[in-house]
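The questions below ask how certain descriptions of a structure are justified. Each answer sets a value against the rule that applies to it.

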Amino acid sequence: MRLPLIPPSELSPEQRALYNDMSEGIAANFKGFVAVREDGALMGPWNPWLHEPVFGKASWELVKALASNPSLPKNVREVAILVTGAHFKSAYELYAHVLVGELRGLSDEKIETIVAGLRPPDLTRQEAVAYDVAYALVNGAVLPQLLYKAAVEAFGAHGAAELSYLVGLYCLVSVTLNTFNTPVPVADD
């Protein structure tokens, strides 16, 4: 880990405001995995964002925009997030979203296959569209017209845009986590 976790008692005023907002959002929206150390220090992408609050606040605003009233079904979101995390081999992102994916109804087989970088054969139609769009986007180039059309048909124009922004956000999250070598929390024995 390249950035030490920041205990709440050591936060600057600028960091404190962001910390308070992120802590509230984490408690409300990010359940099922460890995101806060016992002393209150934030883990995962939230720690690097606290270290650079100008970038962190902007990143967090995008997270909040995509987390508040999403139009995409939860399982569809998790498929796209897992495809993105698997592409970047982002350990913390995969740790968190494997657990969240289980909570949101994805089978262990689907999750394991996606994390391995493969397309599960038993995806629902919407999950398949999310997989294909996320896979195409993280692998570069313009999204093929047929995939864009499939996303609009499956999710509407707003949902297709939301899917694109979701993949973009988790590219940012993955790159941030990988840049700072953010570890997976160690389980207590």
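What follows concerns a predicted model, and the topics are a helix pair and a cavity.

Q: Why are α4 and α7 called roughly parallel to each other?
A: Helix α4 (residues 74-88) and helix α7 (residues 125-138) pack at an angle of about 30°, with their axes 8 Å apart. Angles under 35 degrees count as roughly parallel, and α4 and α7 are therefore described in that way. The crossing of α4 and α7 is right-handed.

Q: Which residues in α4 and α7 meet?
A: Contact means heavy atoms within 4.5 Å, and on the α4 side Asn75, Val76, Val79, Ala80, Val83, Thr84 and His87 take part, meeting Gln126, Glu127, Ala130, Tyr131, Ala134, Tyr135 and Val138 in α7. By class, the residues of this contact divide into 9 nonpolar, 4 polar and 1 charged.

Q: What makes an empty space in the model a cavity?
A: A cavity is a set of points where a 1.4 Å probe fits but cannot get out. By this rule the count comes to 1 cavity of 30 Å³ or more, and the largest cavity has a volume of about 120 Å³.

Q: Which residues lie nearest the centre of the largest cavity, and which classes make up its lining?
A: The lining comprises 15 residues, and of these Pro45, Trp46, His97, Tyr170 and Val173 lie nearest the centre. The elements that give two or more residues to this lining are α2 (46-51), α3 (53-67), α5 (91-103) and α8 (145-179). Sorted by class, the lining has 13 nonpolar, 1 polar and 1 charged residues.

Conventions:
Residues numbered from 1 in each chain as written. Predicted model: local features only at pLDDT ≥ 70, side-chain atom pairs only at ≥ 80, totals over all residues. Heavy atoms only, no water. 1 Å grid on protein atoms, 1.4 Å probe; cavity = no way out; pocket = protein on both sides within 12 Å on 5 of 7 lines; lining within 4 Å. Points joined across faces, edges and corners; volume = space filled by probe spheres on them. Helix = DSSP H or I, 4+ residues; strand = E, 2+ residues; numbered from the N terminus. Nonpolar A, V, L, I, M, F, W, Y, C, P; charged D, E, K, R; others polar. Axes fitted to C-alpha atoms, helices over the stretch in contact; angles between N-to-C directions. Parallel < 35°, antiparallel > 145°, perpendicular 65-115°, else oblique. Left-handed = near helix turned anticlockwise from the far one by under 90°.
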